[in-house]
Amino acid sequence: MSTLRLPKLSVLDLVTVSDGSTSADAIAASKRLVDAADRLGYHRYWVAEHHNTSSVASTSPAVLLAHLGQGTSQIRLGSGGVMLPNHAPLIVAEQFALLEAMFPGRIDLGLGRAPGTDPITAAGLRRAPGNEAVERFPEDVFELLGLLGEVRPEHSSEWLRRLRATPVAGNDVPEVWILGSSLYGAELAAKLGLPYSFANHFGMGSNPVSPVDHYRRHYTPSERWPKPRVLMSASVIVADSFEEAKRLAMPSRIAGWQLRMGKLGPVQSPEQAAETASRIVDQELFARVRGTQHLGTAEQVARQLAELAEQTGADELLLAATTYDVEDRIRTLEALAPYLP
């Protein structure tokens, strides 16, 4: 066995619905995945917020985490992330304070600025018209910190005396993270003295080094976070061979293609995905669509992840996979477990 060791590894679960399955099936698969991650020693397990799509079952991270966390014993549970412009800060604070009461010392709250949905769905979520909710993101994050008990000198003590999220947390409060895939999130996380998670798993060709470097250079220490902390996501699939991993990754390429075409559907099987790929007319454009970024055997993927960590200086890596069968995701976690620190 290689002596190669990686930084802390965590799991990002998109809770995708596979073709021929239901949302209930997807949630049952996620329960198996979080139980495996907890057993194997992974550090965090995050779920995301998506709306108005039949291909993703994760519409409410707080509700989902309350279910997925049952029976786990050590893994941190969190959102990657909650799209704060969709919600009042007090509602989010109350939800995650309640989760903290359920799973003391194990709750993360990753916050994103992107609306994450279309205008019709945004109206259904009762978001403010136009970009007002998005523009309020920094103020809403600051408000949320105070509501959760992470009180800063700049907070109004009178306001927090009158309004605090309940149930009141114990000695621990949820860890608040800023999520992003551009310079904006890095700047805000640095300004507020919060940990930063870069969405590298999208595979959109963005450079993760520049925002992360900017974050570290401009970081303002806070009482809870005297030093910057970076969590870097990565899309991975491990199999017995590179060719097998490439076959299992075809559904993620098709999902990426569907997303760009505006017709995202359930995750296809590798066989269905290969057939769909063969029918795509613009093969040159499809060739530029990146699916899973890190493929191969456990040793190959571990070395790729070590290079990513060295390149970005990431303190932790957050692993995501889009596969048809949850067994392939579990096998990926099992294969990489020997490289855990």
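# A guided tour from helix α3 to the salt bridges

Begin by selecting helix α3, whose buried residues are P89, V92, A93, F96, A97, L99 and E100. Seen down the axis of α3, these buried residues fall within an arc of 160°, so they line one face of the helix. Please keep in mind throughout that this is a predicted model.

With α3 still selected, turn it sideways and look at its two ends. The helix covers residues 89–102, and because its 14 residues at 1.5 Å a residue should span 20 Å, the separation of 20 Å between its end C-alpha atoms agrees with that expectation. Which elements do the buried residues of α3 pack against? Add α2 (61–68), β3 (76–83), β4 (107–112) and α6 (137–147) to the selection, since these are the elements that the buried residues of α3 pack against.

## Into the nonpolar core

Next, widen the view to the largest nonpolar core, which has 75 residues. The residues with the most contacts inside this core are Y42, Y45, F96, L111, L305, L317 and L336, and F96 is also one of the buried residues of α3 that you selected at the start. In soluble globular proteins, nonpolar side chains tend to be buried together.

Select Y45 and show what surrounds it. Leaving aside residues up to four places away in sequence, Y45 touches V11, D13, S30, L33, V34, A37, L65, L68, I75, R76, L77 and G78.

Now move to L305, which is found in helix α13 (residues 298–312). Is L305 buried or exposed? With a relative accessible area of 0%, L305 is buried. When residues up to four places away in sequence are not counted, L305 touches L6, A234, V236, H294, L317, L319 and L336, and of these L317 and L336 are named, like L305 itself, among the residues with the most contacts inside the core. It is worth selecting P7 as well, because the chain brings it here from a distant part of the sequence: P7 and L305 are 298 residues apart along the chain, yet their C-alpha atoms are separated by 9.2 Å.

## Helix α13 from both sides

Select the whole of α13 and colour its buried residues, which are A298, V301, A302, L305, L308, A309 and T312. Seen down the axis of α13, these buried residues fall within an arc of 120°, so they line one face of the helix. An α-helix has 3.6 residues a turn, so residues three or four places apart point the same way. Rotate to the face of α13 that is turned away from its buried side, and you will find the exposed residues E307 and E310 there.

Return to the buried side and show what covers it, which includes α9 (209–217), β7 (230–238), β8 (294–296), β9 (316–320) and α14 (326–336). The length of α13 can be checked in the viewer too, for at 1.5 Å a residue its 15 residues should span 21 Å, and the end C-alpha atoms are 21 Å apart, which agrees. Just after the helix, select G313, which follows α13 and has a positive phi, near 70°.

## A loop residue

Go now to S269, which has its place in the loop between α10 (242–261) and α11. S269 is buried, with a relative accessible area of 10%, and, not counting residues up to four places away in sequence, S269 touches P251 and Y324.

## Charged pairs

From the loop, continue into helix α11 (residues 270–279), where R279 and E275 lie four residues apart, about one turn of the helix. Their side chains meet in a salt bridge (3.2 Å, N to O); R279 counts as exposed at 54% relative accessibility, whereas E275, at 48%, counts as partly exposed.

Select helix α7 (residues 157–162) next, in which E158 and R162 are likewise placed four residues apart, about one turn of the helix. The side chains of E158 and R162 meet in a salt bridge (2.6 Å, N to O), with E158 partly exposed at 36% relative accessibility and R162 exposed at 65%.

A further pair to select is R136 and D140, whose side chains meet in a salt bridge (2.6 Å, N to O). Here R136 counts as partly exposed at 36% relative accessibility, while D140, at 6%, counts as buried.

To finish, select R44, R76, D108, E175, R229 and E316 together, as they are linked in a network of salt bridges. The structure holds 20 salt bridges, and R76 is also one of the residues that Y45 touches.

Methods: Residues numbered from 1 in each chain as written. Predicted model: local features only at pLDDT ≥ 70, side-chain atom pairs only at ≥ 80, totals over all residues. Heavy atoms only, no water. Salt bridge = Lys/Arg side-chain N within 4 Å of Asp/Glu carboxyl O. Buried < 20%, exposed > 50% of the residue type's maximum accessible area, 1.4 Å probe, protein only. Helix = DSSP H or I, 4+ residues; strand = E, 2+ residues; numbered from the N terminus. Expected span 1.5 Å × (residues − 1). Arc of directions from axis to C-beta. Contact = heavy atoms within 4.5 Å. Core = buried A, V, L, I, M, F, W, Y, C linked by side-chain atoms within 4.5 Å.
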